[in-house]
Amino acid sequence: MKKKLNNIPKLHVKKGDTVMVLSGDDKGKTGTISTMMPAERKAIVQGVNIVTKHKKVSAQNPDGGRIQEEAPLYISKLMVVEPKSGIPSRISRVEKDGKMVRITKKSGEELK
């Protein structure tokens, strides 16, 4: 068995997954994961959890002012949406042809 070098666990979501938010102000919204932060157990979802930040004038931001951007969400608040039906489902890992594959619990279809 291969030894793990770090303590970052396997997560039920990964970059590119379509997810639904389970709780909070954005409950029920869906989006695609654009950035993962596995050590912090957080993810940034496109179009969800938008916050307003006040930015100073700089070379990268010559206008400054108020900028809206996505803030990270805890992964426990996210559930993967099935690709065909669009219904949120839990995920299990099954070994298929010598590789671990993610499968949805509701329909049993494989996730890419």
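This is a tour of selected residues, salt bridges and a pocket in a predicted model.

**Stop 1: strand β9 and Thr104**

Select residues 99–104, which make up strand β9, and find Thr104 in that strand. Is Thr104 buried or exposed? Its relative accessible area is 2%, so Thr104 counts as buried, the cut-off for that being under 20%. Now show the side chains of Thr104 and Ser107: a polar contact of 3.1 Å joins them. To see what else surrounds Thr104, set aside the neighbours within four places in sequence. The residues in contact with Thr104 are then Glu82, Ser89, Arg90, Ile91, Glu109 and Leu111.

**Stop 2: Arg102 and Asp17**

Stay on β9 and select Arg102, then add Asp17. The two form a salt bridge, with 2.9 Å between the closest N and O atoms. Asp17 belongs to the segment before β1 (18–21) while Arg102 belongs to strand β9, so the pair ties together parts that are 85 residues apart in sequence. Both partners are worth colouring by accessibility. Asp17 is buried, with a relative accessible area of 7%. Arg102 is buried as well, at 10%.

How many salt bridges does a search of the whole structure find? The search finds four. Two others are visited below.

**Stop 3: Glu110 and Lys96**

Move to Glu110, in the segment after β9. Add Lys96 to the selection: Glu110 forms a salt bridge with Lys96, the closest N and O atoms being 3.4 Å apart. This pair links distant parts of the chain, with Glu110 in the segment after β9 and Lys96 in strand β8 (residues 91–96), 14 residues apart. The side chains of Glu110 and Lys96 are also listed as a polar contact, at 3.4 Å. As general background, side chains of opposite charge can pair when their charged atoms come close.

The accessibility here can be set beside that of the previous pair. Glu110 is partly exposed, with a relative accessible area of 36%, and Lys96 is partly exposed at 41%.

Next, show what touches Glu110. Leaving out neighbours within four places in sequence, the contacts of Glu110 are Lys96, Val101, Arg102 and Ile103. For a distance to draw in the viewer, join the C-alpha atoms of Glu110 and Ser92: they are 9.8 Å apart, with their positions 18 residues apart along the chain.

**Stop 4: Lys29 and Asp26**

Select Lys29 and Asp26. They form a salt bridge in which the closest N and O atoms are 3.2 Å apart. Which partner is buried and which is partly exposed? Lys29 counts as partly exposed, with 39% relative accessibility. Asp26 counts as buried, with 14%.

**Stop 5: the largest pocket**

Select Pro9, Lys10, Leu11, Val13, Lys14, Pro38, Arg93, Met100, Val101 and Arg102, and show them as sticks. These residues line the largest pocket, which has a volume of about 250 Å³. Arg102, the salt-bridge partner of Asp17, is thus back on screen, and so is Val101, one of the contacts of Glu110.

Which element gives the most to the lining of the largest pocket? Strand β9 does, with three residues. Colour the lining by class to see its make-up: six residues are nonpolar, none is polar and four are charged.

**Stop 6: Arg66 on strand β5**

Select residues 65–70, strand β5, and pick out Arg66. Arg66 is exposed, with a relative accessible area of 64%. Apart from neighbours within four places in sequence, Arg66 is in contact with Thr52, Lys53 and His54. A C-alpha to C-alpha line from Arg66 to Thr30 spans 25 Å, and the two residues are 36 apart in sequence.

**Stop 7: two positive phi angles**

Most residues other than glycine have a negative phi, and most peptide bonds are trans. Finish with two residues that have a positive phi.

Select Arg41, in the loop between β2 (30–37) and β3 (42–45). The phi of Arg41 is near 60 degrees, a positive value in a residue other than glycine. At 44% relative accessibility, Arg41 is partly exposed.

Then select Asp97, in the loop between β8 and β9. The phi of Asp97 is near 55 degrees, again positive in a residue other than glycine. Asp97 counts as exposed, with 77% relative accessibility.

How values were computed:
Residues are numbered from 1 along each chain as its sequence is written. This is a predicted model: local features need pLDDT of at least 70, side-chain atom pairs count only at pLDDT 80 or more; totals for chains, interfaces and linings use all residues. Side-chain values use heavy atoms; hydrogens and water are left out. Helices (H or I, at least four residues) and strands (E, at least two) are DSSP runs, numbered from the N terminus. Buried means under 20% relative accessible area, exposed over 50%, partly exposed in between (1.4 Å probe, protein chains only). A polar contact is a pair of N or O atoms within 3.5 Å; within protein, one must be able to donate a hydrogen and the other to accept it, and residues adjacent in sequence count only if both atoms are side-chain atoms. Contact means heavy atoms within 4.5 Å. A salt bridge is a side-chain nitrogen of Lys or Arg within 4 Å of a carboxyl oxygen of Asp or Glu. On a 1 Å grid over the protein atoms alone, a cavity is a set of points where a 1.4 Å probe fits but cannot get out, and a pocket is an open set with protein on both sides within 12 Å along at least five of seven lines; lining residues have an atom within 4 Å of a point. Grid points are joined across faces, edges and corners, and a volume is the space filled by probe spheres set on the points. Ala, Val, Leu, Ile, Met, Phe, Trp, Tyr, Cys and Pro count as nonpolar, Asp, Glu, Lys and Arg as charged, and the others, Gly among them, as polar.
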